[in-house]
Each structure stands twice: as structure tokens, then as C-alpha cells.
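Me: I am new to this structure. Please take me through how to read its features, one at a time.

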Amino acid sequence: MSSPFAAFARTADAVAATRSRLRKRDLLAAYLRELETPDVPRAATFFAGRPLPGAADRLGLGWVQQSAALGAASGASEEAMHEAYLRHSDFGDVAAELLATRLHIGDERTVADDVATLAGVEAVFRRIAEASSGEGRVGLLRCLFERVGPAEARYIGRIAARELRIGLREGILEEAIAAAFGHDPAAVGRALTLIGEPGEVALLAADDRLGEAALRLGRPLRCMLATPVADADDVVRRVGEEAWIEDKYDGIRAQLHVGPDLAPCLFSRDLKDVTVSFPEVASAFATLPGQMVLDGELVPFREGAMLDFASLQTRLGRVRPDPELLERVPVALVAFDLLHLDGSDLLDLPLRERRAALEALRLPERTGERVLYSHLATARGADQIDVAFDDARQRRNEGLMVKDPGSAYQPGRRGLGWLKLKRALATLDCVVVGVEWGHGKRRGVLSDYTFAVRAGEDDDRLLTIGKAYTGLTDAEIAEMTARFTSITLRDFGRYRTVVPEVVVEIAFDRIHRSGRHRSGFALRFPRIMRIRTDKTPAEIDTLASAESLYVAQASGRILLATGAGGTTERIAATGVAEEG
Ligand code: AMP
């Protein structure tokens with residue numbers, strides 16, 4: 001019999017109640033140790049704040065579906081749900097509060113004779129992930145809410161929203177898995193690197209099989225991430241005088257797996273299989289021998305030249321592109337890393353060696369330029385980095401990636417092995433918290449967005465930092481208007497507050513202190529570069545990122561947006577002469 005979900009909720013409450021890292025680890029370890037083996041991966045996945053392993057962990061449940069399910073299960077009106085959300089800013093807490101009220105009035109549907117277990121909850125999550133319609137997903141979540149009490153509903157709501165909010169900083173779950181089953185935390189960390197699934201790693205640990213952890217062709221690894229830096233001086237301070245630099249391409253991240261018994265497949269940054277959307281890249285490998293895993297960026301590329309990001313967007317909108325579109329906007333993979341080659345995992349090798357092995361494969365000529373290599377150079381000192389930055393911009397790329405040639409590949413980590421130097425001025429990833437009806441040509445659409453950063457890595461309060469018109473196309477604005485209408489929390493006429501679930505990347509010229517927004521900062525000439533559908537609100541920038549940009553700028557280390565490389569057409573097209 002699978003363990004009751006209520007025990008998971010009690011453990012999560014206890015973990016949330018202590019600030020001590022050790023105590024959190026011990027509570028988790030004690031809980032995991034008591035579970036029957038089949039429950040271990042389920043609990044570890046849930047504690048990682050994910051409903052399911054792999055790409056299935058995105059259940060397709062935004063506020064619209066969540067609130068519909070909760071409304072049906074609790075009988076609460078839409079207005080009551082909005083009020084509760086405004087009080088808690090957390091869907092799990094809203095679910096707990098509203099279901100508690102329902103219990104209080106003694107609605108007998110709530111009497112949980114069929115106690116939810118870890119296996120039961122996982123099974124429902126899986127059916128939600130596989131459901132073909134929004135209504136199907138709502139119905140399933142509703143059933144789940146009807147089977148549990150408020151304490152469990154809180155965590156079901158939070159797991160569905162992919163954020164557990166119990167202060168499990170990076171590494172605590174890993175340490176708990178190690179402690180629970182008597183392993184070295186480094187061995188657990190290594191397995192997690194190769195497998196990327198806390199559930200599967202916990203199971204290997206419980207079974208004493210951590211040594212078997214390996215990269216598997218056809219299963220995507222989490223991508224290595226980069227730390228943003230403000231300018232060339234910042235780069236030199238972090239990596240020393242000699243920097244290894246690559247162009248930063250403006251496309252979408254992709255991992256290509258080629259195996260012996262596996263059709264070549266491509267995965268996106270959020271681990272989804274996107275092979276059918278980019279058939280020309282996969283098919284370039286159909287006749288190439290060998291096994292490999294490549295990391296790179298998909299870019300629109302025709303007749304030896306890269307096209308702009310806007311043309312790639314026409315491809316992103318189509319799951320299965322038709323022949324006409326394939327002909328008009330073909331894509332290529334700009335490869336910058338090699339993670340596996342013919343039976344050997346290369347992650348631990350220094351980048352220098354991985355790159356040499358990548359180049360030795362001569363992929364551009366063997367794939368008819370469906371695979372290219374990233375532009376690589378070495379720069380000494382800040383001046384050379386500035387020149388390289390301008391050159392990259394001349395090639396119409398976004399900026400530079402600075403990499404330590406001695407670094408290993410660290411999946412899912414934002415380490416110092418990779419730094420990113422973007423545009424003239426770094427951008428901030430923010431979440432939209434409010435929207436406003438536009439003027440003139442934009443009348444009748446919600447075109448002005450107010451956005452916020454997170455208070456901290458472990459503090460999920462949202463602090464507003466600016467407001468900007470969108471730089472999106474009319475079709476995108478129409479789509480966003482419908483989306484924001486459906487996630488409106490409060491309608492004040494011109495302005496409405498919305499559930500914070502849409503992530504936007506914001507560029508700006510300067511950042512200054514101001515009492516105008518809750519963050520204590522305001523942005524000059526903010527503009528929306530892009531909707532980041534690949535990022536969740538948990539991944540946006542924090543107040544600390546805003547502070548460090550402010551400090552870098554105050555010390556004169558930041559270049560203004562009109563400086564190096566000039567602004568791209570995309571920026572020019574989206575720029576608005578308004579202070580946010
Ligand atoms: P960002 O999406 O702004 O956090 O920047 C990091 C992203 O830049 C990576 O996830 C890649 O998709 C992209 N990128 C473009 N060119 C490179 C490169 N040469 N090396 C690594 N990442 C790159």
C-alpha cells in the first residue's frame with residue numbers, strides 16, 4: 001500500500017517550519033527512509049516541486065484550469081478565489097483555505113474515505129499530463145481536490161504549480177537522499193547530473209545502485225546555464241586575463257541525441273521532444289554513423305546566412321511545419337558542446353577537450369550545414385572582450401558567452417563555468433503582475449504590462465520594477481489579451497491585476513533608485529524583448545540581480561544601450577520613449 005499523501009504534507013509542513021538546513025535534511029531523510037521502495041521516487045519528485053519526472057512535469061495547468069477545478073471542488077465563487085489569491089499569492093494556500101471552508105460547512109462530498117496516497121496522486125498527475133483537453137485536466141484536478149483535505153490540497157496545488165515553497169534550497173534534497181540511504185552526497189550529486197531526475201536517483205540510492213547512473217541516449221539532460229555579467233571588466237574579474245569567448249546566438253536551445261537504435265531526436269530547454277518541429281536537423285543525421293549528444297542553439301539559417309529571430313518565430317508557432325515554411329525558414333543547429341560520443345560520457349572532460357572532439361567530427365560538412373559550430377575565439381583583457389562583443393553584434397548575434405575552457409559540463413547549474421554578456425546592457429527576466437488597456441492603435445487590447453522581480457532566491461514575494469508597452473506582433477498581443485483576460489484577479493477598469501504566470505524578458509537603458517515601484521528601482525526606457533514561455537515565475541531574476549546591475553552601472557561599468565554594437569532592429573522596433 002502506497003503511503004498516504006497526508007504524511008507527505010505533514011513532512012513538508014515540518015520542513016517549512018524550520019530554517020535550519022540540517023534539520024530540513026534530517027526531516028526529509030527520516031521520511032524517505034520509512035517509505036516503501038516504489039514510493040521513494042514519487043516522494044523525491046514531489047519534494048523537487050515537480051508532479052512527474054521528465055517533460056511530463058508541465059501539466060498544462062495555469063490559473064484558469066486550477067481555479068476552475070478548485071471552484072468546482074469547493075463551491076467557491078470566482079470572486080472568492082480571486083480574493084483568496086490576493087491574500088495568499090499562492091495557489092496551494094488558496095486551495096487549502098477554500099477546501100477548509102467547504103469542510104467546515106460539512107459538505108459530504110469532502111469526506112475522504114478514499115485516502116489519497118503518493119501513488120494515487122501521481123496517477124492523477126499522469127492522467128492530467130496525458131489529457132487531451134483543458135476540460136479533461138480540470139476534471140481530473142477537481143477529482144483530486146475532492147478526495148483530499150486542506151493540508152494535502154495545499155501541496156497538490158503547489159506541486160501542480162511546480163513550486164513547493166518550503167525553503168528547500170539547492171542541494172538539500174540531494175543531501176537528504178544521501179543521508180536516508182547511507183550514501184556519499186557527492187555520489188548522489190553525480191547521479192543527478194547524469195540523470196537529472198531526483199526520483200530516479202532516489203530510487204537508485206535506495207537500491208544501492210548509484211554506480212549505474214549514466215547518461216541515456218534519447219533521454220535529455222538538463223541544460224548547463226550561464227551567469228549574467230554586466231560588462232567586460234566583470235568578465236575579467238571573474239575569469240582572469242584570458243577568456244574563451246563564443247558568440248551568443250539568438251535562437252532556441254536544443255539538445256540532439258543520435259544513437260544506434262534511436263532515430264535522431266531533438267529536445268528543447270524544458271526537455272520536450274521537439275523533433276517533429278525541426279525535421280531538417282534530425283534528418284541530416286539519418287545516414288551518419290555513430291552515437292552522440294550535442295548541445296546547441298537552433299537558428300534560422302538559409303543559403304549560408306543566419307536569418308533574424310523574427311523569422312524563427314514563425315517556426316516556433318508550428319508544431320509540424322509545412323514544406324513551404326521549411327523551405328522559407330530552414331533551421332540549423334549551432335553546436336557548442338559535445339556531451340557523449342560513441343559510448344563515452346564526456347561531461348567531466350574539460351570544455352577544451354569536448355570542443356576538440358566536437359570539431360573533429362566535422363559536422364558542418366557532413367550534415368550539409370544543418371549543424372554549424374559556434375564562433376569561438378580567445379580574448380585577453382577587457383578591451384579585447386569589448387571588441388569581440390562589437391564583432392558578435394556586427395554578426396547580428398546577441399552578445400557573448402564566456403566559457404572557462406577547463407570547466408566540466410554541469411547540467412541544470414548556473415555556475416561560473418559559463419558567463420553571458422548580453423546586448424549593451426543586461427536584461428531582466430520578470431513576471432507580469434498587471435496589465436492595462438492601450439491607447440490609439442492599441443485601444444481594445446491589453447498592451448501595457450507592469451512587471452516584477454522576485455524578492456530573493458528563497459523569498460518568492462514579487463516586487464514591481466517597471467511598466468512597458470509590449471513589442472509583440474498584433475497577433476501575439478491579441479493572444480496575450482485573451483490570456484490576461486482569463487487570468488485577471490481584479491478589474492479596476494483601465495488596469496487589472498493578473499495571476500503572475502507570464503514571464504517576459506525586459507531590456508532597458510538605465511536602472512535607478514525610485515520609490516515608484518515596490519522593488520525600490522525603476523527602469524529607463526524598458527521594452528519587452530520576448531515572452532519567455534520556457535521560463536516559470538520561479539526562474540525570474542531577483543532583486544539581487546537588479547541591485548548588481550545598479551551597482552555596476554553606478555561604478556560606470558555598464559554600457560548604455562546606444563553604445564557598443566548599436567541596438568538591433570528588434571530593440572528599435574519595440575523601444576518606447578517612456579519611463580517605467
Ligand atoms: P539566456 O537564455 O538569456 O539565459 O542565455 C543563455 C542561453 O543562451 C542558453 O540557454 C542558450 O540557449 C543560448 N546560447 C546562445 N549561444 C550560446 C553559446 N555559444 N553557448 C551557450 N549558450 C548559448
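Me: Is Arg219 buried or exposed, judged by relative accessibility?
Reply: A residue is called buried under 20% relative accessible area, exposed over 50%, and partly exposed in between, with a 1.4 Å probe and protein chains only as cover. Arg219 counts as buried because its relative accessibility is 14%. Arg219 belongs to the loop between helix 12 (198-206) and strand 1 (225-228). Helices (H or I, at least four residues) and strands (E, at least two) are DSSP runs, numbered from the N terminus.

Me: What should I know about the model and the numbering before going on?
Reply: The model is predicted, so local features need pLDDT of at least 70 and side-chain atom pairs count only at pLDDT 80 or more, while totals for chains, interfaces and linings use all residues. Residues are numbered from 1 along each chain as its sequence is written, and side-chain values use heavy atoms, with hydrogens and water left out.

Me: How many helices and strands does the protein have?
Reply: There are 22 helices and 21 strands. The radius of gyration, taken over C-alpha atoms, is compared with a globule rule of 2.2 Å times the number of residues to the power 0.38. For this protein the radius is 24 Å, close to the 25 Å that the rule gives for 580 residues, so the protein is as compact as a globular protein of that length. Along the principal axes, the C-alpha atoms fill a box of roughly 70 × 60 × 50 Å. Of the 580 residues, 55% are buried.

Me: Which residues of helix 5 are buried?
Reply: An α-helix has 3.6 residues a turn, so residues three or four places apart point the same way. In helix 5 (residues 78-88), the buried residues are Met81, His82, Ala84 and Tyr85. They lie on the same side of helix 5 because they cover an arc of only 165° around the axis, the arc being that of the directions from the helix axis to the C-beta atoms. Glu79 and Arg87, on the other side of helix 5, are exposed.

Me: How many of the residues of helix 9 are buried?
Reply: In helix 9 (residues 150-160), nine of the eleven residues are buried, so this helix is largely enclosed by the rest of the structure. Among them are Pro150, Glu152, Tyr155 and Arg158.

Me: What phi does Ser89 take just after helix 5?
Reply: Most residues other than glycine have a negative phi. Ser89 has a positive phi, near 50°, and is a residue other than glycine. Ser89 sits in the loop between helix 5 and helix 6 (91-104), and it counts as partly exposed because its relative accessibility is 41%. Just after helix 9, Arg162 takes a positive phi of about 65°. Glu369, not a glycine either, has a positive phi of about 60°. Glu369 is in the loop between helix 18 (363-366) and strand 9 (371-373), and with a relative accessible area of 37% it is partly exposed.

Me: Which residues are closest to the ligand?
Reply: A residue is near a molecule if one of its heavy atoms lies within 4 Å of it. The ligand is surrounded by 14 residues, of which the closest are Arg253, Glu297, Lys403, Lys420 and Lys422. Strand 2 (242-248), strand 11 (399-403) and strand 12 (414-422) each supply at least two residues of this shell.

Me: How many residues of each class does the shell around the ligand have?
Reply: Ala, Val, Leu, Ile, Met, Phe, Trp, Tyr, Cys and Pro count as nonpolar, Asp, Glu, Lys and Arg as charged, and the others, Gly among them, as polar. The shell has ten charged, four nonpolar and no polar residues.

Me: Where does the ligand have polar atoms of the protein beside it?
Reply: A polar contact is a pair of N or O atoms within 3.5 Å; within protein, one must be able to donate a hydrogen and the other to accept it, and residues adjacent in sequence count only if both atoms are side-chain atoms. A nitrogen atom of the ligand lies 3.0 Å from a backbone N or O atom of Asp247. An N or O atom in the side chain of Lys248 is 3.1 Å from an oxygen atom of the ligand. For Glu297, a polar side-chain atom lies 2.4 Å from an oxygen atom of the ligand. The protein buries 94% of the 500 Å² that the ligand exposes when taken alone, with accessible areas from the Shrake-Rupley method, a 1.4 Å probe and, for residues, only the protein chains shown as cover.
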